[in-house]
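Me: Hey, can you walk me through a protein model? I'm new to this, so plain words please.

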Amino acid sequence: CPLPTRAGALILYARLQGTSAYEEILPLTRSSDHRLRDLSLPALATTRNPRAVGVLCGMARDASQPTNTRGLALVSLRLFRNQPQVLETARALLEDEEARLRQRAAQVLNSLGDKEALPLLKTAQTRELDLDTEWALRDAVNSLEARQRRRR
């Protein structure tokens, strides 16, 4: 099957089986085929098994992994709201050397509504040299500040 079909099937399987699919999907995250490994990350998160948090955070932080793999692991963590390890990982990746990862970290922190990350986002924004990443940081700051104002 083509990769998009396989990815959809894995996510559907994870959604239907829930946490019990974790054990079956986990080996795919260690595949030597980077395409298979990458499409397994969102499926692993979709199981919503708490053990997936450590695996995904580890992959997101692992500089030996390809940037795309790290980014997919990070974005997949959005399904685990309010998990301290998820927030710590996204915050740490605001300082990664890869602009795409800094950009994704800002997007994840924004989608998680992490208002405590505002000072980190503002600091990262002032030193950012990549224009697309600067815009993602600016968007996250503006969105989180707007949420704070609405809550007051």
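Me: Let's start with Cys57: buried or exposed?

Reply: Cys57 is buried, with a relative accessible area of 2%. Buried means under 20% relative accessible area, exposed means over 50%, and partly exposed is in between, using a 1.4 Å probe and protein chains only. Before we go on, this is a predicted model, where local features need pLDDT of at least 70, side-chain atom pairs count only at pLDDT 80 or more, and totals for chains, interfaces and linings use all residues. Residues are numbered from 1 along each chain as its sequence is written, and side-chain values use heavy atoms, with hydrogens and water left out.

Me: And what about Cys1, buried or exposed?

Reply: Cys1 counts as exposed, at 79% relative accessibility.

Me: How many disulfides are there in the whole structure?

Reply: Zero, after a search of the whole structure. The test is a pair of cysteine sulfur atoms within 2.5 Å. A disulfide is a covalent bond between the sulfur atoms of two cysteines.

Me: OK, zooming out. How many helices and strands does the protein have?

Reply: Nine helices and zero strands. Those are DSSP runs, numbered from the N terminus: H or I with at least four residues for helices, E with at least two for strands. Along the sequence the pattern reads α-α-α-α-α-α-α-α-α.

Me: How compact is the protein?

Reply: As compact as a globular protein of its length, because its radius of gyration is 16 Å, close to the 15 Å that the globule rule gives for 152 residues. That radius is taken over C-alpha atoms, and the rule is 2.2 Å times the number of residues to the power 0.38. The C-alpha atoms fill a box of roughly 45 × 35 × 25 Å along the principal axes.

Me: What share of the residues is buried?

Reply: Of the 152 residues, 45% count as buried.

Me: Where can I see parts of the chain meeting that are far apart in sequence?

Reply: Try Ser76 and Leu41: they are 35 residues apart along the chain, with C-alpha atoms separated by 6.7 Å. Ser76 sits in helix α5 (residues 67-76) and counts as buried at 7% relative accessibility.

Me: Which residues does Ser76 touch?

Reply: Leaving aside neighbours within four places in sequence, Ser76 is in contact with Leu41, Pro42, Ala45 and Leu56. Contact means heavy atoms within 4.5 Å. Across the protein, among contacts between residues at least 6 apart in sequence, 60% join residues at least 24 apart.

Me: What else is in helix α5?

Reply: Asn68, for one, is in helix α5. Asn68 is partly exposed, with a relative accessible area of 36%. Its C-alpha atom is separated by 8.6 Å from that of Arg100, 32 residues apart along the chain.

Me: New topic: the backbone. What is the phi of Arg48?

Reply: Arg48 has a positive phi of about 60 degrees, although it is not a glycine. Most residues other than glycine have a negative phi. Arg48 is in the loop between α3 (34-46) and α4 (51-61), and is partly exposed at 48% relative accessible area.

Me: And what is the phi of Asn82?

Reply: Asn82 also has a positive phi of about 60 degrees without being a glycine. Asn82 is found in the loop between α5 and α6 (84-92), and is exposed, with a relative accessible area of 66%.
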